[in-house]
Amino acid sequence: MSKKYAVIKGVQGALPDYVLTNKELETLVDTNDEWITTRTGIKERRILKDKDKAASDLAANAVEKLLEKTGTNKDDIELVIVATVTADMVFPDTANITCDKAGLNNAFGFDINAACSGFLFALTTGAQYIETGRLKKVIVVGVDVMSTIIDYTDRATCVIFGDGCGAVLLEASEDSGVIDSVFRGDGSGRHYLHMKAGGSLKPASKETVENREHYVYQEGRTVFKHAVKGMSTTVQEVMDRNNLTADDIDWVVPHQANMRIISSVADMLRFPMEKVMQNIAHYGNTTAGTLPLCLWDYESKLKKGDKIILTAFGGGFTWGATYLIWGYDG
Ligand code: COA
């Protein structure tokens, strides 16, 4: 019997309407457009302003449009995996809430929390259900509403992050799909990027709120160095394992955290920037949303058989690279 792969059959993004520009950030913290542009490559990001909306609303919107554009019946979806660090609630999981809101009555769901590597890890998890023949149609979502955990008085973090969502539909294929992944983790990295309170270590209290401990804490320079090293080594590893050189690769899809990180990784691996997907200028770092949002933005340029490497680095630390072969003409 020939090997079964899990191939991406469609991709869809969902973004909030509100655009937070660098100019507006200048009115909130001591920063300026020139610093943000040269140090990060970000010009604007989207923010979910509706008070009654959450990650599941962006996810359900992306899922519904994805099903429509791929002509897929809601009842055929068997599993939805949502990668996020900004779940609607601590429990239940956002995937099940998404299924409810999108009307997917035959699907089960669960969340994966691996910060900015969440979508990458979820993609391989979803793919494995299809490779084993256990399931036929799986949706993998990467979504984050970072504005709910960002301190808009902290200039070191508030300029970087944004809100956004992307979703892909996975189905079985004989000749293309997710081929291989190299994933890594180092829990000691938690000291450099985390949210201090709101978990079992430090439950929410008057004191944690007063101390602004329900926001992202980041030591940017340390994270930067680990991100460049982590992404470039795992990309090289997955290429070596599959006998690929930079020339063989049609597209690189890097996590969109900082334009300088993206170009350093591209330089180290000798990928020309024309092959490197970039949309950080418009969305900033949407955490689990960056990779599927890149695929969505570049979908019309993608061709069946394109060799693509996705790579991410995030809180945990978590990081890795996935090699896949694209399944349709965009
Ligand atoms: N506007 C203006 N000045 C700022 C600023 C801002 N928004 N943020 C920091 N600065 C200042 C600092 O105070 C510092 O000033 P000083 O030299 O007078 O002390 C100077 O800019 C340099 O600060 P530094 O933190 O070294 O900047 P940096 O070049 O490392 O850029 C980040 C900061 C956060 C953009 C960068 O470190 C980064 O992108 N890190 C990785 C983030 C990441 O990938 N996170 C997610 C992982 S998934």
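Which helices and strands each supply at least two residues of the shell around the ligand? In this predicted model, the contributing elements are α2 (33-40), α6 (155-158), α8 (220-241), α9 (259-269) and β12 (307-314). Among the contributors to the shell, α8 provides the largest share, with four residues. The ligand is surrounded by 24 residues in total, of which Thr-31, Arg-155, Gln-218, Arg-221 and Asn-258 are the closest. Sorted by class, these comprise eleven nonpolar, eight polar and five charged residues. Both domain 1 (5-175) and domain 2 (179-325) take part in the shell, each contributing at least three residues.

Several polar side chains approach oxygen atoms of the ligand. For Arg-221, a polar side-chain atom is placed 2.6 Å from a ligand oxygen, and for Asn-258 the distance between an N or O atom of the side chain and an oxygen atom of the ligand is 2.7 Å. A polar side-chain atom of Trp-35 is likewise found 3.4 Å from an oxygen atom of the ligand. Considered on its own, the ligand exposes an area of 950 Å², and 75% of that area is buried by the protein.

Beyond the ligand shell, Asn-242 was examined in the loop that joins α8 to β11 (251-254). With a relative accessibility of 21%, Asn-242 is classed as partly exposed, because the buried class is restricted to values under 20% and the exposed class to values over 50%. When neighbours within four places in sequence are set aside, the contacts of Asn-242 are with Ile-179, Asp-180 and Tyr-323. One of these partners, Asp-180, is 62 residues away from Asn-242 along the chain, yet the C-alpha atoms of the two residues are separated by 8.1 Å.

A further element considered here is helix α4, which spans residues 94-102 and whose buried residues are Thr-94, Ala-95, Ile-97, Thr-98, Cys-99 and Ala-102. The elements covering these buried residues include the helix α3 (55-70) together with the strands β4 (79-83) and β5 (108-112). At the start of α4, the backbone nitrogen of Ala-95 is approached to within 3.3 Å by a side-chain oxygen of Asp-93, and Ala-95 itself is counted among the buried residues of the helix. At the other end, just after α4, Gly-103 adopts a positive phi of about 75°.

Conventions
Residues are numbered from 1 along each chain as its sequence is written. This is a predicted model: local features need pLDDT of at least 70, side-chain atom pairs count only at pLDDT 80 or more; totals for chains, interfaces and linings use all residues. Side-chain values use heavy atoms; hydrogens and water are left out. A residue is near a molecule or strand if one of its heavy atoms lies within 4 Å of it. A polar contact is a pair of N or O atoms within 3.5 Å; within protein, one must be able to donate a hydrogen and the other to accept it, and residues adjacent in sequence count only if both atoms are side-chain atoms. Accessible areas come from the Shrake-Rupley method with a 1.4 Å probe; for residues, only the protein chains shown count as cover. Ala, Val, Leu, Ile, Met, Phe, Trp, Tyr, Cys and Pro count as nonpolar, Asp, Glu, Lys and Arg as charged, and the others, Gly among them, as polar. Domain bounds come from an automatic or database domain assignment. Buried means under 20% relative accessible area, exposed over 50%, partly exposed in between (1.4 Å probe, protein chains only). Contact means heavy atoms within 4.5 Å.
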